[in-house]
Amino acid sequence: MFISFEGTEGVGKTTLIRRIYEHFQAQGSEVVLTREPGGTPMAEQIRSLLLSVNHDEQMCNDTELLLMYAARAQHLAQVILPALAAGKTVLCDRFTDASFAYQCAGRGLSREKLQLLNQNFVSHMPALTFWLDAPIELGMSRARERGALDRFEQEKVTFFEKVRAGYQELWQAEPERIKRLDATQSPDLVFAEALKYLQTVAA
Ligand code: TMP
């Protein structure tokens with residue numbers, strides 16, 4: 001099974017993924033934990049380029065989108081597709097929904113550009129996607145507590161409001177695949193809710 005995790009910054013994705021990973025491991029399932037952008041040495045290099053703050057040159061929105069997909073192509077070929085072919089469960093911290101939410105809804109790029117990339121470079125979509133949703137200010141204060149902010153985290157609240165609205169649009173369009181989790185709840189409750197959905201999908 002291919003499962004992805006989405007949401008704006010500081011909503012508790014890492015904690016939830018870790019707990020779900022441990023849950024699968026305890027069940028004796030073979031499970032791969034990975035992330036985007038990144039997940040392979042080369043894709044992690046692309047991630048550094050995407051997240052680093054460069055005061056000398058501003059990254060243009062098309063470059064950002066294409067780098068996300070360059071990293072994704074490498075990640076799919078090297079990690080996701082081989083793991084799925086071997087019957088493993090793949091837990092992926094972000095996937096194509098993040099490109100819609102951040103690059104289309106957030107940055108304002110057209111859906112056509114994204115569709116072109118998805119149609120040509122993404123052969124597999126997650127069976128289940130968890131969208132951890134919380135008010136932007138809550139997540140931003142958690143992100144600030146973690147330390148130095150990356151290029152995305154330095155964006156204004158208005159950018160993240162658009163990203164959140166993008167996730168909401170996706171959730172409304174695909175309620176079967178995308179499950180919204182109320183990330184203002186305690187980590188225990190978020191995990192319990194996620195487990196219920198996992199059991200429904202596995203049944
Ligand atoms: P992370 O903070 O969850 O590790 O993700 C890194 C950043 O990359 C995050 O701010 C969201 C952004 N991102 C996009 O803008 N588009 C994408 O397609 C992906 C996968 C991530």
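1. A good place to start is the UniProt record. Its unreviewed entry lists Gly 7, Thr 8, Glu 9, Gly 10, Val 11, Gly 12, Lys 13 and Thr 14 under "binding site". From this set, Thr 8, Glu 9, Gly 10, Val 11, Gly 12, Lys 13 and Thr 14 help line the largest pocket. Keep in mind as you read on that this is a predicted model.

2. Let's look at two residues from that stretch. Val 11 sits in the loop that runs between β1 (2-6) and α1 (13-26). Its relative accessible area is 4%, so Val 11 is buried, the cut-off being under 20%. Setting aside neighbours within four places in sequence, Val 11 has contacts with Leu 132, Ala 134, Arg 142 and Ala 183. Thr 14, on the other hand, belongs to helix α1. With a relative accessibility of 57%, Thr 14 counts as exposed.

3. Now for the backbone. Most residues other than glycine have a negative phi, and most peptide bonds are trans. Which bond is cis here? One that is cis joins Glu 36 and Pro 37, with omega at about -10°. You'll find Pro 37 in the loop between β2 (31-35) and α2 (41-51). Arg 94 is also worth a look, since its phi is near 80°, a positive value in a residue other than glycine. Arg 94 lies in the loop between β3 (89-93) and α4 (96-106), and at 12% relative accessible area Arg 94 is buried.

4. On to the nonpolar packing. The largest nonpolar core has 38 residues, and Tyr 69, Ile 80, Phe 95, Tyr 102 and Tyr 167 are the ones that touch the most other members. Elements giving two or more residues to this core are α2, α3 (61-85), β3, α4, α5 (111-121), α6 (136-145) and α7 (157-173). Which element gives the most to this core? That would be α3, with nine residues. Another core, of 21 residues, lies apart from it and includes Ile 3, Phe 5, Ile 17 and Val 190.

5. Phe 95 deserves a closer look. Leaving out neighbours within four places in sequence, Phe 95 is in contact with Phe 2, Ser 4, Glu 6, Glu 36, Arg 72, Leu 76, Ile 80, Val 122, His 124, Met 125 and Pro 126. One of those contacts, Arg 72, has its charged end over the ring of Phe 95, 5.3 Å from the ring centre. Arg 72 also lies over the face of Tyr 69, at 4.6 Å from that ring's centre.

6. Aromatic rings turn up in pairs too: a search of the whole structure finds nine aromatic pairs. Take Phe 130 and Tyr 197: their ring centres are 6.4 Å apart and their planes are at 50°, so this pair is tilted. Why does the pair tie together parts that are 67 residues apart in sequence? Because Phe 130 lies in strand β4 (residues 128-133), while Tyr 197 lies in helix α8 (residues 187-202). Phe 130 is buried, at 0% relative accessible area, whereas Tyr 197 is partly exposed, at 27%. There is also an aromatic cluster, made up of Tyr 102, Trp 131, Phe 152, Phe 159, Phe 160, Tyr 167 and Trp 171.

7. Leu 128 is in strand β4 as well. Buried or exposed? Leu 128 is buried, at 0% relative accessibility. Not counting residues up to four places away in sequence, Leu 128 touches Phe 2, Ile 3, Ser 4, Arg 177, Lys 179, Leu 198 and Val 201. Measuring from C-alpha to C-alpha in the model, Leu 128 and Ala 148 are 32 Å apart in space, with their positions 20 residues apart in sequence.

8. Last on my list is Asn 118, a residue of helix α5. Asn 118 is partly exposed, with 21% relative accessible area. Neighbours within four places in sequence aside, Asn 118 is in contact with Tyr 69 and Thr 96. By contrast, 25 Å separates the C-alpha atoms of Asn 118 and Ser 52, which are 66 residues apart along the chain.

Terms used:
Residues numbered from 1 in each chain as written. Predicted model: local features only at pLDDT ≥ 70, side-chain atom pairs only at ≥ 80, totals over all residues. Heavy atoms only, no water. Phe/Tyr/Trp six-rings, centres within 6.5 Å; stacked < 30°, edge-to-face > 60°. Helix = DSSP H or I, 4+ residues; strand = E, 2+ residues; numbered from the N terminus. Buried < 20%, exposed > 50% of the residue type's maximum accessible area, 1.4 Å probe, protein only. Lys NZ or Arg CZ within 6 Å of the ring centre and 35° of its normal. UniProt positions renumbered as here; feature names shortened; annotations may be inferred. 1 Å grid on protein atoms, 1.4 Å probe; cavity = no way out; pocket = protein on both sides within 12 Å on 5 of 7 lines; lining within 4 Å. Contact = heavy atoms within 4.5 Å. Core = buried A, V, L, I, M, F, W, Y, C linked by side-chain atoms within 4.5 Å.
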